[in-house]
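Subject: Handover of a structure and notes on its features

Dear colleague,

I am passing on to you the structure shown here, together with a written account of what was found in it. Please read the text with the structure open beside it.

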Amino acid sequence: MIGLLCPDDGPPIVPTRGWSAWITITTAAAMGFLAIICLAAGLAAGRLAATWEADFEGLATVSVQAEVGEIESRIARAVEILETTPGIGRVRVLTDAEHAELMAPWLGESLPMDVLPMPRLIEVERRGDGPDVPRLQARLDQTAPGALYDDHQVWRAPLIDAAQGLSLLAWAATTLVILTAAGMLALAAQASLAGNRDVVRVVRLIGATDAYIAQAFIARIAMRGFAGGLAGAALGVLALGALPAPGPGAELGLTLTPGTLTSLLLLIFVPLGTTAIALGAAWVAVRAALSRIV
Amino acid sequence: MISLSGVTFGYDGRETLSEISAEIPQGTFAFLTGPSGTGKTTLMKMLYLEHFPWSGQLEILGFKPNTLYEDEIVDLRRRIGIVFQDFALLEHITVMENIALPLRIAGKRSEDYREDMEQLVKWVGLGQRMHALPPQISAGEKQRAAIARAVVNSPDVILADEPTGNVDPEMGTRILRLLIELNRLGKTVLIATHDLHLIRSSKGQVSARIYRLADGKLTQSGSEL
């Protein structure tokens with residue numbers, strides 16, 4: 001790598017300053033920053049989808065609706081059926097306090113659960129592929145009318161799809177950032193070469209091979225790509241670290257704490273990525289430009 | 001030996017050099033003269049392999065540039081020292097680093113040529129300016145640095161395009177003297193110039209051939225103006 005970046009032991013033949021140098025550094029920094037934001041968004045969306053999937057994957061509920069005087073016997077019959085149904089593990093009736101907590105956002109605190117004809121919930125843990133739902137529902141209808149089995153498929157699947165879609169979008173945005181970075185850095189490489197056309201001409205006429213010239217330019221552009229990428233990534237990590245903590249449900253947040261393994265990995269890989277992109281883009285641009293000069 | 005036989009070249013389809021023929025034996029000191037715009041620089045560019053003939057035969061040091069591969073052209077360029085009209089020094093590196101550039105490019109290590117370099121820098125009178133950047137030195141110093149860079153590789157041929165064009169007469173005489181010294185070491189020296197005073201001042205110091213370009217044709221050659 002060092003040999004690739006240093007064509008010889010002398011001073012650089014490519015000027016170290018000038019507007020083209022700043023274009024490359026600024027472009028790499030902007031791309032590094034955007035890459036961090038997109039990657040953080042991708043990671044957050046992936047985390048969200050995984051959490052939802054894990055939270056609801058093994059759980060289902062049975063809601064039991066009946067007159068106040070009959071509700072306890074209906075619940076008991078439903079529990080009995082559930083406990084003898086293949087594909088169902090633990091069965092637990094939610095307490096009055098848990099029901100009250102669930103209803104509180106809509107009906108307020110201190111709800112008189114014992115007098116209101118409220119549906120009651122039974123939490124069911126699914127095992128393996130879960131129960132044969134139509135057969136289970138038929139048994140519930142027969143023995144505990146008003147009991148309704150719900151494995152949350154209807155609303156869970158679109159939510160997980162949405163989270164996964166969001167994750168895909170974030171990765172697509174990251175890919176676009178990478179492609180844009182490649183394009184911008186290729187243009188910066190061309191600008192660098194155009195800005196140093198006289199240098200290229202002279203160096204070539206005094207005996208430099210195209211490979212030597214290309215290596216000198218590519219090394220310089222790659223180093224600028226690395227420096228810019230590192231600065232942009234560091235700014236991105238700091239910006240995400242400065243966002244307010246999301247609190248409960250932290251998987252929804254974009255926060256990235258500086259110093260954590262993820263942030264360190266991003267700080268290593270994003271600059272390496274911008275360097276690799278700068279190397280590739282510069283190689284293509286410089287070889288093409290050299291074939292046009294002289 | 002440089003040999004041109006019926007060489008034609010131009011830009012954008014228009015001929016600048018037409019049916020040029022000449023023989024410049026190894027060790028010759030020669031001037032290429034003629035009014036401005038007659039193609040002197042174009043011919044020099046062809047001799048230092050920036051341009052290639054449209055037609056005719058060009059031969060430099062036994063090689064026909066039109067038939068060479070890229071790496072062979074690079075090897076041939078390393079046997080030709082060029083003093084550019086505008087000095088063409090890299091402005092972001094020092095005088096010393098500019099002079100050493102052909103050696104670096106040829107893959108030589110700085111510790112192997114440092115002493116020779118210092119002698120060369122002193123020979124061209126830039127001992128005190130070797131660590132200066134080109135924008136910090138005068139035109140005469142730039143030209144001497146350009147001459148040192150042209151000879152650092154010990155080339156067989158030295159091509160100087162208007163080497164005194166941007167310096168005062170006294171400095172011009174000094175630069176001419178340097179080029180004559182190089183010729184005495186066996187180098188072929190070809191100087192493109194429209195400065196007849198420079199050609200006259202070489203009389204008595206060196207036996208110079210004079211090639212005259214007019215309207216894209218080499219119309220006169222010999223040892224007198």
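The notes below take up the chains, their contact, the helix packing, the cores and a few backbone details.

Please keep in mind throughout that this is a predicted model.

**The two chains**

Chain A contains nine helices and four strands. Followed along the sequence, its elements come in the order α-α-β-α-β-α-β-α-β-α-α-α-α. Of its 294 residues, 35% count as buried. Among the contacts in chain A between residues at least 6 apart in sequence, 84% join residues at least 24 apart.

Chain B has seven helices and nine strands. It holds 225 residues, and buried residues make up 44% of them. For contacts in chain B with a separation of 6 or more, residues 24 or more positions apart account for 68%.

**Where the chains meet**

In the contact between the chains, 18 residues of chain A touch 20 residues of chain B. On the side of chain A, the elements that give two or more residues are α7 (197-205) and α8 (210-241). The largest share, four residues, comes from α7(A). By class, this side of chain A has 11 nonpolar, four polar and three charged residues.

On the side of chain B, helix α3 (residues 95-105) deserves your attention. This helix of chain B is mostly covered, with 11 of its 11 residues buried. Among these buried residues are Glu97(B), Asn98(B) and Arg104(B), as well as Val95(B), Ile99(B) and Leu103(B). The buried residues of α3(B) pack against α7 and α8 of chain A, and also against α4 (110-123) and α5 (139-151) of chain B. Just after α3(B), Gly107(B) takes a positive phi of about 90 degrees.

**Two helix pairs in chain A**

The first pair is formed by helix α6 (residues 153-195) and helix α9 (residues 261-292) of chain A, which pack at an angle of about 45 degrees with their axes 8 Å apart. The angle therefore makes α6(A) oblique to α9(A). Their crossing is right-handed. From α6(A), the residues that take part include Ile178(A), Leu185(A), Ala189(A) and Leu193(A), and from α9(A) they include Ile277(A), Ala278(A), Ala282(A) and Val286(A). The residues of this contact divide into 15 nonpolar, three polar and no charged.

The second pair is helix α3 (residues 71-83) and helix α5 (residues 133-143) of chain A, with an angle of about 150 degrees and axes 10 Å apart. Angles over 145 degrees count as roughly antiparallel, and α3(A) and α5(A) are therefore roughly antiparallel to each other. Here too the residues in contact can be named: Arg77(A), Ala78(A) and Ile81(A) of α3(A) meet Arg139(A), Leu140(A) and Thr143(A) of α5(A). By class, they are three nonpolar, one polar and two charged. The crossing of α3(A) past α5(A) is right-handed.

**Nonpolar cores**

In soluble globular proteins, nonpolar side chains tend to be buried together. In this model, the largest nonpolar core has 124 residues, and the members that touch the most others are Ile36(A), Leu185(A), Ala189(A), Phe217(A), Ala282(A) and Leu159(B). Helix α2 (residues 19-57) of chain A gives the largest share of this core, 17 residues. A second, separate core of 13 residues includes Val64(A), Ala78(A), Ile88(A) and Leu140(A). Ala78(A) and Leu140(A) also belong to the contact of α3(A) with α5(A).

What surrounds Ala282(A), leaving aside its neighbours within four places in sequence? Ala282(A) is in contact with Leu185(A), Ala189(A), Phe217(A), Ile218(A), Ile221(A) and Ala222(A).

**Two backbone details in chain B**

Glu162(B) has a positive phi of about 45 degrees, although it is not a glycine. Its place is in the loop between β6 (157-161) and α6 (169-184) of chain B. Is Glu162(B) buried or exposed? A residue counts as buried if 20 or more other C-beta atoms lie within 10 Å of its own; Glu162(B) has 21 and is therefore buried.

Asp215(B) likewise is not a glycine and has a positive phi, of about 50 degrees. Asp215(B) is found in the loop between β8 (208-214) and β9 (217-222) of chain B. With 12 other C-beta atoms within 10 Å, Asp215(B) is exposed.

With kind regards

How values were computed. Residues numbered from 1 in each chain as written. Chains lettered and ligands numbered in written order. Predicted model: local features only at pLDDT ≥ 70, side-chain atom pairs only at ≥ 80, totals over all residues. Axes fitted to C-alpha atoms, helices over the stretch in contact; angles between N-to-C directions. Parallel < 35°, antiparallel > 145°, perpendicular 65-115°, else oblique. Left-handed = near helix turned anticlockwise from the far one by under 90°. Contact = placed C-beta atoms within 7 Å. Nonpolar A, V, L, I, M, F, W, Y, C, P; charged D, E, K, R; others polar. Core = buried A, V, L, I, M, F, W, Y, C linked by C-beta atoms within 7 Å.
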